[in-house]
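Hi there,

Here is the structure I promised to send over. Please open it alongside this email and have a look around before reading on.

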Amino acid sequence: RSCMSKTIEYTEAIVPYRHEELMAKVAAQLTDKRYQHCLRVEETARQLAADNGVDVELAGIAGLLHDYAKQRDDQTFIQLIKTHGMDPNLVSYGNGVWHGYVGAELIKDELHIYNEPILNAVRLHTVGAPYMTKLDQIIFMADFIEPARDFPGVEAAREATAKSLADGVRFQIQHTLDYLIQKGAPVYPQTLATYNAWVGGVAPQFAN
Ligand code: DGI
Ligand code: FE
Ligand code: FE
């Protein structure tokens, strides 16, 4: 086996699965292309965790799981938003905003994983939050800078993140808000709250 694809064996009992089993559960829900992205986010998250004094296994699991719900159909998302008593305004915003929030619920319901730090990192991985733990910041950034990401600015994003997670978060949320406004896409209030807290200097009124 090549040094690029080292086998991971979990040593902490964070989830009731071996790494190989968790990989298979994620692969079963996604196209190969999206699954490969999840593996790259896992690896990037483990590296960022090692660099920032965060539990590597915890970060890897959250990275592997972050897009678990990404390829469910719109009707499924809308149904789950209702049955799980989530913010009813979510229904107006689409897959980009849904898959993190709904993903956290599906990871509980289908995988029986209840680790709140992991679930919250998945929940927030797209829109962020005014207050984010280091783990939240790692998953948010790993998704944005994994090695196959190729957009104008990705090198600057990698450099900012290497300097500090917070610099990376500021870079990303500014980029995302800019992108949404250029497109004329609806901005979920949480996305705007993240921007206000991290870039605009507005003191958070609520934690998450
Ligand atoms: O799931 P990935 O493609 O790996 O990446 P992601 O979860 O960061 O982003 C999914 C999409 O969500 C991305 O194209 C940007 C979009 N998005 C982020 N915030 C908002 C949003 N879309 C809308 N409409 N509103 C938001 O506030
Ligand atoms: Fe995502
Ligand atoms: Fe992703």
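Below is what turned up in the pocket and around the ligand.

Please keep in mind that this is a predicted model.

Let's begin with the pocket. The largest pocket holds about 900 Å³ of space. A total of 32 residues line it, and those closest to its centre are K70, T126, D143, R149 and Y179. If you sort the lining by class, you get twelve nonpolar, eleven polar and nine charged residues.

Which helices should you look for in the lining? At least two residues each come from α2 (32-52), α5 (95-111), α7 (134-145) and α9 (165-183). The biggest share is that of α9, which gives six residues to the lining of the largest pocket.

Now for the ligand. Where does ligand 1 sit? You will find ligand 1 in the largest pocket. Two or more residues of the shell around ligand 1 come from each of α2, α5 and α9. Here α5 gives the most, with three residues.

In all, 19 residues surround ligand 1, and K70, T126, P186, Y188 and T191 come nearest. So try finding K70 and T126 on your screen: both are among the residues closest to the centre of the largest pocket, and both are also among those nearest to ligand 1. By class, the shell around ligand 1 is made of seven nonpolar, seven polar and five charged residues.

Three side chains are worth zooming in on. In T126, a side-chain N or O atom is 2.6 Å from an oxygen atom of ligand 1. For H125, the distance from a side-chain N or O atom to an oxygen atom of ligand 1 is 3.0 Å. D143 has a polar side-chain atom 3.1 Å from an oxygen atom of ligand 1. On its own, ligand 1 has 580 Å² of accessible area, and the protein covers 82% of that.

Happy exploring, and write back with any questions!

Best wishes

Conventions:
Residues numbered from 1 in each chain as written. Chains lettered and ligands numbered in written order. Predicted model: local features only at pLDDT ≥ 70, side-chain atom pairs only at ≥ 80, totals over all residues. Heavy atoms only, no water. 1 Å grid on protein atoms, 1.4 Å probe; cavity = no way out; pocket = protein on both sides within 12 Å on 5 of 7 lines; lining within 4 Å. Points joined across faces, edges and corners; volume = space filled by probe spheres on them. Helix = DSSP H or I, 4+ residues; strand = E, 2+ residues; numbered from the N terminus. Nonpolar A, V, L, I, M, F, W, Y, C, P; charged D, E, K, R; others polar. Near = heavy atom within 4 Å. Polar contact = N/O pair within 3.5 Å; in protein donor to acceptor, adjacent residues only side chain to side chain. Areas by Shrake-Rupley, 256 points an atom, 1.4 Å probe, with all protein chains shown as cover. Sits in = over half its atoms within 2 Å of the grid points.
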